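Let's take a walk through the inside of a protein model and see where the empty spaces and the packed parts are.

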Amino acid sequence: MLELLLPQRCVVCDTRGVQLCETCIERLPRIVPPLCDRCGMPTAWPVRRCRECAGRRLAFATARSAVHYDDAVRALVAGWKERALRRLAGAAVSVVIEVVAPPRADVVTFVPPDPDRGLKRGHHPPRQLAEGLARQWELPLAAPLRRRAARRQRGLSRAERRRNVAGVFSSRGSIPNSIVLVDDVFTSGATANAAASSLRKAGARRVDVVTFARVVR
């Protein structure tokens with residue numbers, strides 16, 4: 001009855017039947033080498049640092065993402081985050097597993113939500129992604145990070161994004177040496193860097209960032 005009244009449709013192409021059809025999954029623009037060795041930005045040839053991360057002090061050792069943040073991926077992420085279409089998490093996990101090599105780490109964790117937005121949504125895509133990746137990589141899941149409220153990052157410049165998230169994260173409990181930090185989208189890297197900085201200050205020796213999507217300029 002629910003399917004008759006509210007039929008599922010692909011969030012990308014609007015085909016009836018599933019939240020994300022197989023054709024659209026296959027067409028998601030994977031990020032493939034060559035890449036910047038540090039931040040994972042696609043490059044013309046392999047480099048240790050690219051124009052995106054050269055000259056920046058980064059708290060994470062590497063960042064890797066599965067897909068380019070194009071219109072199709074934007075529609076997928078919007079359905080996952082704003083419409084609470086939780087089955088999309090499984091598709092995101094499968095694409096990350098396909099593209100990103102399993103990292104060497106002690107635990108998987110995730111960028112926590114802003115307290116207000118987390119309560120309003122009732123779910124947290126980065127946590128869902130981290131849970132799926134932890135299962136696939138056979139690593140424990142931990143949640144040491146806490147986050148205080150701040151302005152939304154959307155619409156801010158890169159410099160404003162960095163200032164906005166400076167000091168918003170804190171870590172508690174026992175912090176392992178090596179951590180995979182998961183988020184849904186890598187935009188400027190400001191959020192991932194601030195979260196990784198908190199983990200490093202709390203005792204982590206290495207933090208590797210993994211995201212489903214990445215904005216490529």
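A pocket, in this report, is an open set of grid points with protein on both sides within 12 Å along at least five of seven lines. Keep in mind that the model is predicted.

**Pockets and a cavity**

With that idea in hand, look at the second largest pocket, which holds about 310 Å³ of space. Its lining is made of 16 residues, and those lying nearest its centre are Thr-62, Arg-64, Val-100, Ala-101 and Pro-103. Two elements, strand 1 and strand 6, each give two or more residues to this lining. Strand 6 gives the most, with 4 residues.

The largest pocket has about 740 Å³ of space. There, 34 residues form the lining, with Lys-81, Gln-153, Asp-184, Val-185 and Thr-187 nearest the centre. Helix 3, helix 5 (115–121), helix 6, strand 5, helix 8 and strand 6 are the elements that supply two or more lining residues.

How many cavities of 30 Å³ or more does the structure hold? There is 1, and the largest cavity has about 50 Å³ of space. You can find it by looking for the residues that line it: Cys-39, Glu-52, Cys-53, Arg-56, Leu-58, Phe-60, Phe-186, Ser-188 and Arg-214.

Here is how the three linings divide by class:

| Space | Nonpolar | Polar | Charged |
|---|---|---|---|
| Largest pocket | 14 residues | 8 residues | 12 residues |
| Second largest pocket | 10 residues | 2 residues | 4 residues |
| Largest cavity | 5 residues | 1 residue | 3 residues |

**The nonpolar cores**

Now for the packed parts. Which residues of the largest nonpolar core touch the most other members? Out of its 38 residues, they are Leu-20, Leu-129 and Phe-212. Plenty of elements chip in: helix 2 (22–27), strand 1 (62–68), helix 3, helix 4 (88–99), strand 2 (107–110), helix 6 (125–137), strand 5 and strand 6 (206–214) each supply at least two residues of this core. Helix 4 gives the most, with 7 residues.

Zoom in on Leu-20. Setting aside neighbours within four places in sequence, Leu-20 is in contact with Cys-10, Val-11, Val-12, Ile-25, Leu-76, Leu-88 and Ala-91. A second, separate core has 28 residues, including Phe-60, Ala-192, Ala-194 and Leu-199.

**A closer look at helix 3**

Helix 3 covers residues 71–81, and its buried residues are Val-73, Leu-76, Val-77, Gly-79, Trp-80 and Lys-81. An α-helix has 3.6 residues a turn, so residues three or four places apart point the same way. At the start of helix 3, a side-chain oxygen of Asp-70 comes within 3.2 Å of the backbone nitrogen of Ala-72.

**Two buried residues**

Is Ile-175 buried or exposed? Ile-175 counts as buried because its relative accessible area is 12%, which is under 20%. This residue sits in the loop between strand 4 (169–171) and strand 5 (178–186). Apart from neighbours within four places in sequence, Ile-175 is in contact with Pro-144, Leu-199, Ala-202, Gly-203 and Ala-204. Its C-alpha atom is separated by 9.8 Å from that of Lys-201, 26 residues apart along the chain.

Thr-191 lies in helix 8 (residues 190–201). Thr-191 is buried too, because its relative accessible area is 15%. Not counting residues up to four places away in sequence, Thr-191 touches Val-111, Arg-147, Gln-153, Val-165, Phe-169 and Asp-183.

Terms used: Residues numbered from 1 in each chain as written. Predicted model: local features only at pLDDT ≥ 70, side-chain atom pairs only at ≥ 80, totals over all residues. Heavy atoms only, no water. Buried < 20%, exposed > 50% of the residue type's maximum accessible area, 1.4 Å probe, protein only. Contact = heavy atoms within 4.5 Å. Polar contact = N/O pair within 3.5 Å; in protein donor to acceptor, adjacent residues only side chain to side chain. Core = buried A, V, L, I, M, F, W, Y, C linked by side-chain atoms within 4.5 Å. 1 Å grid on protein atoms, 1.4 Å probe; cavity = no way out; pocket = protein on both sides within 12 Å on 5 of 7 lines; lining within 4 Å. Points joined across faces, edges and corners; volume = space filled by probe spheres on them. Nonpolar A, V, L, I, M, F, W, Y, C, P; charged D, E, K, R; others polar.
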